[in-house]
Amino acid sequence: MTRAVGTRAAMRRGASHCRALGHVAQRTAMLLAVVLLLAGCGRNMADQPNLRPLQGSEFFADGAGMRPPLEGTVSRREGAIDPVFLTGQDANGLVTQLPVELTLELLQRGQERYDIFCSVCHGHTGAGDGMIVSRGFPAPTSFHDQRLLDASVGYYFSAMTNGFGRMYSYASRIPPEDRWAIAGYVKALQLSQNATLDDVPAEVRLELEHSEGRVR
Amino acid sequence: MPQIFPPNANAFVRWALIGGGLFVGLLALALPIYARTVNNAVGVPVAQPVAFPHNLHTAQLGIDCRFCHTSVEVAASANVPATETCMGCHSQIRVGDPLLAAVAGSWDSGLPLAWNRVHDLPDYAYFNHSAHITNGVGCSTCHGRVDQMTEIWKEEPMTMGWCLECHRAPERFVRPRSEVFNMAYVPPADQLTLGAELVASYHIDTDKLPQCSTCHR
């Protein structure tokens, strides 16, 4: 027993003698590793100090992290674009022609956007009988009213851009390209709702008459 | 040599084995449930400053998701609408309703409504709504039937394993683009066949999709 203790003590002495320097380095390395590992605890990588879209911030008085552009800010994109495209007006007032090429794709895009943003009040046919109207919103004028049938395409663009009556501006929600597409579609909608059979191309007419007969 | 264990030790070991097995099984069952619900708040309604009923506005009134979440098709973040969007109708409808007091207050003060976040991905995970929308991932695939929710909650765990369920096999979930905003969409019986065709036609890079840098960039 005593011999074993003696041996162990001797070993300890020898070890401490040989590894005095090594011990300090080892302990420092271990401590460093523990500190580094501790830094991995918590959610500081998941919740980084930078702000994400719509995230709040106590730094600003209004509590919002996203900042509105300063007053007088000029958009580089819009600064390079023809003002007619952005306002729907030229020197002679509201434009009567689309400032973009009229294509089937444009009208289809206009239909999709109209159904998303406009149909809630104006109705899918433009009669001014949308779902929100049945819930108590004052009914807008039908697009098939004579005054609006006569209105130019620029008039519709301007109404969407600046708002009209009880309708708020949609400029922040619908980009100008889509506002033109919708304006074009509204004109198409007016044609469709006031069309006669003579407006239908001959090859489609037969099909139409056939399907109409079947429905009835 | 005398016996160390009494004869009933065998029964003890047997029961300990059965109990241990049961314990491990229950743990395997309970941990994912915990991770998906308690820890991840799946299915737990998130209180909001305004009790906005999604079901009333979408399923009943027929308003498209994009009427309010306008940036979902073009940006990484699907925006929460500005107070202006609420007031577009509520300047006329339910004026003075106490349920809408916070909206009217925000409109008067110009201070934004502080909605409580429902889906909070870790900041080291990159997510882009528009990339998913344009590649045929429907709203309801990740968000569930929001059109039937009176209160909003997280439908899916939004964990990495859950993301990979689709990123490893997108053909299981991808829909025709025309059906992305259809909340009631039910995948057809031949989803895997249709899904594979759509994945090919959308040019979805299935090799790159499950790689780390797709989401951790």
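Where in chain A does A:Leu54 lie?

## Backbone exceptions in the two chains

In this predicted model, A:Leu54 belongs to the loop between helix H2 (20-39) and H3 of chain A. Although A:Leu54 is not a glycine, its phi is positive, at about 70°. A:Leu54 counts as partly exposed, because 15 C-beta neighbours lie inside 10 Å.

In chain B, B:Met158 also has a positive phi, of about 55°, although it is not a glycine. B:Met158 is placed in the loop between H7 and helix H8 (160-167) of chain B. Here the neighbour count reaches 20 C-beta atoms inside 10 Å, and B:Met158 therefore counts as buried, the cut-off for that class being 20 or more.

## Confidence of the prediction

For the complex as a whole, the predictor gives an ipTM of 0.82 and a pTM of 0.80. Chain B has a mean pLDDT of 93, with 97% of its residues at 70 or more. Within chain B, confidence is lowest in helix H1 (residues 9-38), where the mean is 85, and highest in H3(B), where it is 97.

## Build of chain A

Chain A contains ten helices and two strands, and read from the N terminus its elements follow the order α-α-α-α-β-β-α-α-α-α-α-α. Of the 216 residues in chain A, 20% are buried. Among the contacts in chain A with a separation of 6 or more, 52% are made by residues 24 or more positions apart.

One pair that is distant along the chain is formed by A:Glu78 and A:Pro176, which are 98 residues apart in sequence while their C-alpha atoms are separated by 10.0 Å. A:Glu78 is found in helix H3 (residues 76-79) of chain A, and it is exposed, because its surroundings hold 11 other C-beta atoms within 10 Å, where 12 or fewer is the limit for that class.

## A helix pair in chain A

Two packed helices are described by the angle between their axes and the distance between the axes. In chain A, the axes of helix H5 (residues 104-122) and helix H9 (residues 176-193) come within 7 Å and cross at roughly 95°, so H5(A) and H9(A) are roughly perpendicular to each other.

On the side of H5(A), the residues that make this contact include A:Leu106, A:Leu107, A:Arg109, A:Tyr114 and A:Cys118, while H9(A) contributes, among others, A:Asp178, A:Ile182, A:Tyr185 and A:Ala188. Sorted by class, the contact of H5(A) with H9(A) has eight nonpolar, three polar and three charged residues.

## Domains of chain B

Chain B is divided into three parts, namely domain 1 (1-39), domain 2 (54-80 + 118-215) and domain 3 (83-114). The C-alpha centres of domain 1 and domain 2 of chain B lie 41 Å apart.

B:Cys142 lies in helix H7 (residues 139-143) of chain B, and it counts as partly exposed because it has 19 C-beta neighbours inside 10 Å. Between the C-alpha atoms of B:Cys142 and B:Gly21, which are 121 residues apart along the chain, the separation is 35 Å.

## Where the chains meet

At the interface, 25 residues of chain B are in contact with 23 residues of chain A. Helix H3 (65-68) and helix H4 (83-90) of chain B each supply at least two residues of the side of chain B that touches chain A, and the largest share of that side, five residues, comes from H4(B). By class, the side of chain B that touches chain A is made up of 13 nonpolar, eight polar and four charged residues.

Note on methods:
Residues numbered from 1 in each chain as written. Chains lettered and ligands numbered in written order. Predicted model: local features only at pLDDT ≥ 70, side-chain atom pairs only at ≥ 80, totals over all residues. Contact = placed C-beta atoms within 7 Å. Helix = DSSP H or I, 4+ residues; strand = E, 2+ residues; numbered from the N terminus. Nonpolar A, V, L, I, M, F, W, Y, C, P; charged D, E, K, R; others polar. Domains from an automatic or database assignment. pLDDT = per-residue confidence, 0-100. Axes fitted to C-alpha atoms, helices over the stretch in contact; angles between N-to-C directions. Parallel < 35°, antiparallel > 145°, perpendicular 65-115°, else oblique.
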